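Work through these exercises with the model open beside you. Try each task before you read its solution.

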Amino acid sequence: MIMKRLFDFESLIDLIYRQKKICYICGEYNPFIEKNLCGKCRSRYSLYDKDICSICGRKIELEENAIGKEHSCFQCISNRNIYDGGIAVFNYSKNIKKLIAEFKYEEELYLKEFFAYEMANRIKSTDIYQDIDFIISVPMSINRLKTRGYNQADILAELVSKFLNIPYEDSLLKKIDKEKSQKGLSRIQRIRNIKDSFIINKGRDEDIYKKNILIIDDVYTTGTTVNEISRVLKKKNADKVYFLTLASTPFNV
């Protein structure tokens, strides 16, 4: 009787938090799955060993979209990014987009361990990992935080910090409320909209001086957000600023 109750309880937990042996992307059951990502989906959607830009980590769809020995995309060459480099875990395909939206807008917080684990492993595979002094997340404005109830970047950053054993600074930056969201804006519109949206909290300037900082966010689209944060941090004499995101949109989007 006791064993049956234990079994029923575990079954209930699986129903609430999804089965431990299913792939979160394709939904298929696999008894040999590793951390809820099957080999097929890892190969199809991850940006490991793919044709990516050496600066922003974005997938380069066509060979003619990359130039120079460093294999940098046209966008990074022309934009002159302020950040020093970055990387994403997944290509922002339809399935990944749906999964991130569930986590971001529908409170499917069971995904946080899965996402953070993959992000931590991704950054460990790069040279950036050895440079990081501490981690921050892209902050959310007070009004947006009240509406959504949580900041998905903050949740990810806290877990990535634990997985990497690197300090997480959750009170370094503040986001100023703005009426217009970045969603759906062109790159030029995003740059104008995001400018002067982030400020360093009072008394934190010395914590930034000569430090190498990793910014955590969910999706890299045009890079305007991480670029603006990098500008603010480097204005206070941060040494290097990198970013790590769950996904990045393809170069030709």
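**Exercise 1.** Why does Thr126 count as buried?

Solution. This is a predicted model. Start with the location: Thr126 sits in the loop that links helix 5 to strand 4. Next, take the cut-off: buried means under 20% relative accessible area. Thr126 has a relative accessible area of 18%, so Thr126 is buried. Finally, look for a polar partner of its side chain. A polar atom of the Thr126 side chain lies 2.8 Å from the backbone oxygen of Ile123.

**Exercise 2.** Work out the strand order of the open sheet of four strands, and find its edge strands.

Solution. Begin with one pair. Strand 7 and strand 8 run parallel and are joined by eight bridges. Within this pair, Ile213 stands opposite Val241 of strand 8. Now take a second pair. Strand 4 pairs with strand 7 over four bridges, again in the parallel sense. Here Ile135 has Leu214 of strand 7 as its bridge partner. Put the strands in a row: the order is 3-8-7-4, with parallel pairing. Strand 3 and strand 4 each pair on one side only, and these are the edge strands. On average, neighbouring strands are turned by 20° against each other, direction ignored. Last, add a helix. Helix 5 packs on this sheet and touches strand 3, strand 7 and strand 8. The direction of helix 5 makes about 135° with that of strand 3.

**Exercise 3.** Are the two faces of strand 4 covered or open?

Solution. Take residues 134–137 and sort them by side. Phe134 and Ile136 lie on one side, Ile135 and Ser137 on the other. All four are buried, and both faces are covered. Now follow Ile135 beyond its neighbours within four places in sequence. Its contacts include Ala157, Val160, Ser161 and Leu164. Leu214 and Ile216 are also among them.

**Exercise 4.** Which residues touch the most other members of the largest nonpolar core, and which element gives the largest share?

Solution. Count the members: this core has 46 residues. Ile25, Phe90, Phe115, Ile135 and Ile216 touch the most other members. Then go by element. Those giving two or more residues include helix 2, helix 4, helix 7, strand 3, strand 7 and strand 8. Helix 5 gives the largest share, seven residues. Check for another core: a second, separate one has 25 residues, including Cys53, Ile60, Phe134 and Val232. Now compare two residues of strand 4. Ile135 belongs to the largest core, whereas Phe134 belongs to the second.

Methods:
Residues are numbered from 1 along each chain as its sequence is written. This is a predicted model: local features need pLDDT of at least 70, side-chain atom pairs count only at pLDDT 80 or more; totals for chains, interfaces and linings use all residues. Side-chain values use heavy atoms; hydrogens and water are left out. A nonpolar core is a set of buried Ala, Val, Leu, Ile, Met, Phe, Trp, Tyr and Cys residues joined through side-chain atoms within 4.5 Å. Buried means under 20% relative accessible area, exposed over 50%, partly exposed in between (1.4 Å probe, protein chains only). Contact means heavy atoms within 4.5 Å. Two strands pair if DSSP finds at least two bridges between them. A polar contact is a pair of N or O atoms within 3.5 Å; within protein, one must be able to donate a hydrogen and the other to accept it, and residues adjacent in sequence count only if both atoms are side-chain atoms. Axes are lines fitted to C-alpha atoms, for helices over the stretch in contact, and angles run from 0 to 180 degrees between N-to-C directions.
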